[in-house]
Amino acid sequence: MALGFIKKVFTFGKEKPASEKPPEGEDFASLIEAAEKAETEATPEETVIAAEPVLPEVIETAGGPSPDETDEEEQASAPEEPPSVPEVPQEAEAVFHTQPEQPADVSHGEIAPQEDIAPEQEGPVALPRGFATVETTPEPEAEAPKEKLTWFQRLKAGLFRTSSQLTGQIAALFTKRKLDEDTLDELEDLLIQADLGVETAMRITGALSSERYGKDVSGEDVARIMAAEITKVLKPVAKPLALDLNHKPHVVLVVGVNGTGKTTTIGKLAAKLSGSGLKVMLAAGDTFRAAAIEQLKIWADRTGSTFIGTKLGADAAGLAYDAFEKAKAEKSDVLIIDTAGRLQNKAELMAELEKIVRVLGKLDPEAPHTVLQTLDATTGQNAMNQVEIFRNVAGVNGLIMTKLDGTARGGILVAIAAKHKLPVYFIGVGEGVDDLEPFEAEDFASAIAGIAR
């Protein structure tokens, strides 16, 4: 009522037409007095009633008007008893308050079985992208076994760098040109750049000149003549490694620069020998590298060979002595001794190798019976220098070329064979046991020349 009174005060005069303006001279006080008089004279019929009165239930739940909006008159006229709430029908009360009967074996509050809640969905469940049910997940298809390459295919892949460079340059050189002195000179330069050596390059150009001079020459003609001449150089050095099994143990000393594959090559040789029924012993003579000792121990376990080693930094010659005595006592057929290859300390390395050879010579005047040197095919001309150093100190009498893995410059083996005439026993094209095979001159020459066999 107080709010209504204030509203009337501020809206007084606005609800009347403009023609009914208060007479001039009336002040604000007189207006207030007139408004109060009009309110007291108002009849109940003038009270505005809402079209849809609020139900008593809403007033009961809403809590009624706030205390600051209730005046004394409303409190005095409020009924003593709250309005009655309509009675709920008997059927509704039964719905809300009666619990359904539970089976004896189901505890109160337990979720009903799935079949009681919803029927099973027919067909596969539609899951979002990235998900799949176990039943619909496809089984991974087994990879088809890769076709095993032949030895020549692996060899050709290992010499791909040398052969592709040579065949490409030769084909470009002899395109629409007859064989003359200038062409022969250019061909000789190409062969020398491929590490075949001056001697082999001259043999190839000489044979080509005698057969095709002044005539048209194709790349196939050059490849054929080149393969034939390389075969002539390599044929005398392609020999098997001879073992005197009547003299036990047959001592094989393996030398070479660190990183050329000495330890891995020893393991492959041991696998081949032990696989044929021979009794093999491996001696870890590279006492300056713990990794070499551990690696050789693994190879010994893998191949069923006897292993003998010592502590890191021990005297390699003393180990060679102990290994020979043990191999002799156990009647081992072959004793393979690993050595260090610290070429940067050449004087120290050479002194150590000389000492090992002297110690073995005292135990057996013919020992070491075989001195093998491993050559890394990726080193190029450096391999030639390594052969000269180790041959002078350790008396190398056989070679094994390793790491013909596609980045090799295998032509250097032809130059080494032409100069030193040392037997080449094996070549390796990978890390597996089957990747070390006896050296075949024809295969090697054909792979370099890019000729299929």
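# A walk through the salt bridges, loops and patches

Start by selecting aspartate 333 and lysine 248: their side chains meet in a salt bridge, 3.1 Å from N to O. A salt bridge here is a side-chain nitrogen of Lys or Arg within 4 Å of a carboxyl oxygen of Asp or Glu. Aspartate 333 sits in the loop between helix H14 (316–329) and strand S4 (334–337), and lysine 248 in the loop between H11 and strand S1 (250–255), so the pair ties together parts that are 85 residues apart in sequence. Helices (H or I, at least four residues) and strands (E, at least two) are DSSP runs, numbered from the N terminus.

Before you move on, keep in mind that this is a predicted model: local features need pLDDT of at least 70 and side-chain atom pairs count only at pLDDT 80 or more, while totals for chains, interfaces and linings use all residues. Residues are numbered from 1 along each chain as its sequence is written, and side-chain values use heavy atoms, with hydrogens and water left out.

Switch on a surface for that first pair. Aspartate 333 counts as buried, at 9% relative accessibility, whereas lysine 248 is partly exposed, at 45%. The cut-offs are under 20% relative accessible area for buried, over 50% for exposed, and partly exposed in between (1.4 Å probe, protein chains only).

**Next stop: two cis prolines**

Stay at lysine 248 and step one bond along. The peptide bond from lysine 248 to proline 249 is cis, with omega near -5°. Proline 249 belongs to the loop between H11 and S1. Now jump to alanine 367 and proline 368, which are also joined by a cis peptide bond, with omega about -5°. You'll find proline 368 in the loop between helix H15 (346–363) and strand S5 (370–376).

**Helix H11 and its salt bridges**

Select lysine 232 and glutamate 229. They form a salt bridge, the closest N and O atoms being 3.3 Å apart. Both are in helix H11, and because they are three residues apart there, about one helical turn separates them. Which of the two is buried and which partly exposed? Lysine 232 is partly exposed at 49% relative accessibility, while glutamate 229 is buried at 8%.

Now add arginine 224 and glutamate 211 to the selection. This salt bridge has its closest N and O atoms 3.0 Å apart. Arginine 224 lies in helix H11 (residues 219–234) and glutamate 211 in helix H10, so the pair ties together parts that are 13 residues apart in sequence. Arginine 224 counts as partly exposed at 41% relative accessibility, and glutamate 211 is partly exposed too, at 37%. If you want to hunt for others, the count comes to twelve salt bridges.

**Two surface patches**

Go to Ile192, Val198 and Met202, which make a nonpolar surface patch of about 250 Å². Methionine 202 is in helix H10 (residues 198–212). From there, select Asp180, Glu181, Asp182, Asp185 and Asp189 for a negative surface patch. Aspartate 189 is in helix H9 (residues 181–193) and is partly exposed, with a relative accessible area of 42%.

What counts as a patch? Patches are made of residues with over 30% relative accessible area and no salt bridge; like charges are joined within 9 Å, and nonpolar side chains (Val, Leu, Ile, Met, Phe, Trp, Tyr) within 5 Å. Accessible areas come from the Shrake-Rupley method with a 1.4 Å probe, and for residues only the protein chains shown count as cover. Asp and Glu count as negative, Lys and Arg as positive, with His and the chain ends not counted; the place of a charge is NZ of Lys, CZ of Arg, CG of Asp or CD of Glu.

**Two lysines with positive phi**

Select lysine 331, in the loop between H14 and S4. Its phi is positive, about 55°, although lysine 331 is not a glycine. Lysine 331 is exposed, at 62% relative accessibility. Then try lysine 421, in the loop between helix H17 (411–420) and strand S7 (424–428). Lysine 421 has a positive phi of about 55° as well, again without being a glycine, and is exposed at 55%.

**Last stop: residues 423–436**

UniProt, in an unreviewed entry, places the feature "domain: SRP54-type proteins GTP-binding" at residues 423–436. UniProt positions are in the numbering used here, feature names are shortened, and annotations may be inferred rather than shown by experiment. The span is 0% helix and 43% strand, and its end C-alpha atoms lie 16 Å apart.

To finish, pick valine 429 and alanine 157: their C-alpha atoms are separated by 8.7 Å, with their positions 272 residues apart along the chain. Alanine 157 lies in helix H7 (residues 151–158) and counts as partly exposed, at 43% relative accessibility.
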